[in-house]
Amino acid sequence: MPNPMIHSLALAVLMAASALPDSSPMLPPCPASPNCVSSQADDNHRVEPFKITGDARVAFGKLRKILAQRTDTTLISSDDTMITVEFRTMLGFVDDGLFVLDAANCLIQVRSAARLGYWDMGKNRRRMEEIRKTYLAE
């Protein structure tokens, strides 16, 4: 079942950021718990955003295709600037993923967070790096 809270929060943050001139889209912040990673965090939650080379729309479409092919991923919503997914672990836990096109900076901002619990044993970080590796290889 999609988590409407994360989707609503992401939309509100993106709408607020788009009202500011020359601003990058903003991701929801990670909670204090270690079960979240974000390319916009400035602490131990930080992961690098995905770098875009070439056309931003093509790169975002490539990422959408990669996510659709993953067996652990369910696409919740997608448009020209945002992809929202659910990641399901082997143990049945659900993590929320958010990918936001930051074309002005040639980046795709990323966030992945566990819905429940405190510790994810590094799963969100490993998953983002797996996706990055596939994205860079294609």
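**Notes on the predicted model**

1. Let's start with the overall picture: of the 138 residues in the protein chain, 43% are buried (buried is under 20% relative accessible area, exposed over 50%, and partly exposed in between, with a 1.4 Å probe and protein chains only). Bear in mind that this is a predicted model, where local features need pLDDT of at least 70, side-chain atom pairs count only at pLDDT 80 or more, and totals for chains, interfaces and linings use all residues. Residues are numbered from 1 along each chain as its sequence is written, and side-chain values use heavy atoms, with hydrogens and water left out.

2. On secondary structure, the chain has 3 helices and 6 strands, in the order α-β-β-α-β-β-β-β-α from the N terminus. These are DSSP runs numbered from the N terminus, with helices being H or I of at least four residues and strands being E of at least two. Among contacts with a separation of 6 or more, 51% are between residues 24 or more positions apart; contact here means heavy atoms within 4.5 Å.

3. Helix 3 is worth a look. Its 15 residues (123–137) should span 21 Å at 1.5 Å a residue, and the end C-alpha atoms are indeed 21 Å apart, so the two agree. The expected span is 1.5 Å times one less than the number of residues. Its buried residues are Asn124, Arg127, Met128, Ile131, Arg132 and Tyr135. They cover an arc of only 140° around the axis, which puts them on the same side of helix 3; the arc is taken from the directions from the helix axis to the C-beta atoms. Lys133, Leu136 and Ala137, on the other side of helix 3, are exposed. The cover over the buried residues includes helix 2 (56–69), strand 5 (94–102) and strand 6 (107–114).

4. Serine 112 ties strand 6 to that helix. This serine sits in strand 6 and counts as buried because its relative accessibility is 0%. Its side chain makes a polar contact with the side chain of arginine 127 at 3.5 Å. (A polar contact is a pair of N or O atoms within 3.5 Å; within protein, one must be able to donate a hydrogen and the other to accept it, and residues adjacent in sequence count only if both atoms are side-chain atoms.) Beyond its neighbours within four places in sequence, serine 112 also contacts residues including Asn124 and Met128.

5. Now the nonpolar core (buried Ala, Val, Leu, Ile, Met, Phe, Trp, Tyr and Cys residues joined through side-chain atoms within 4.5 Å). The largest one has 20 residues, and those with the most contacts inside it are Phe50, Leu63, Leu67, Phe99, Ile108 and Tyr135. Helix 2, strand 4, strand 5, strand 6 and helix 3 each supply at least two of its residues, with the largest share, 6 residues, coming from helix 2.

6. There is 1 disulfide by the sulfur-distance rule, which asks for a pair of cysteine sulfur atoms within 2.5 Å. The disulfide joins cysteine 30 to cysteine 36, S to S 2.1 Å. The torsion about the S-S bond is about -65°, so this disulfide is left-handed. Cysteine 36 counts as buried because its relative accessibility is 2%, while cysteine 106, at 41%, counts as partly exposed.

7. Last, glutamine 40, in the loop between strand 1 and strand 2. At 27% relative accessibility, glutamine 40 counts as partly exposed. The side chain of glutamine 40 reaches the backbone nitrogen of leucine 27 at 2.6 Å.
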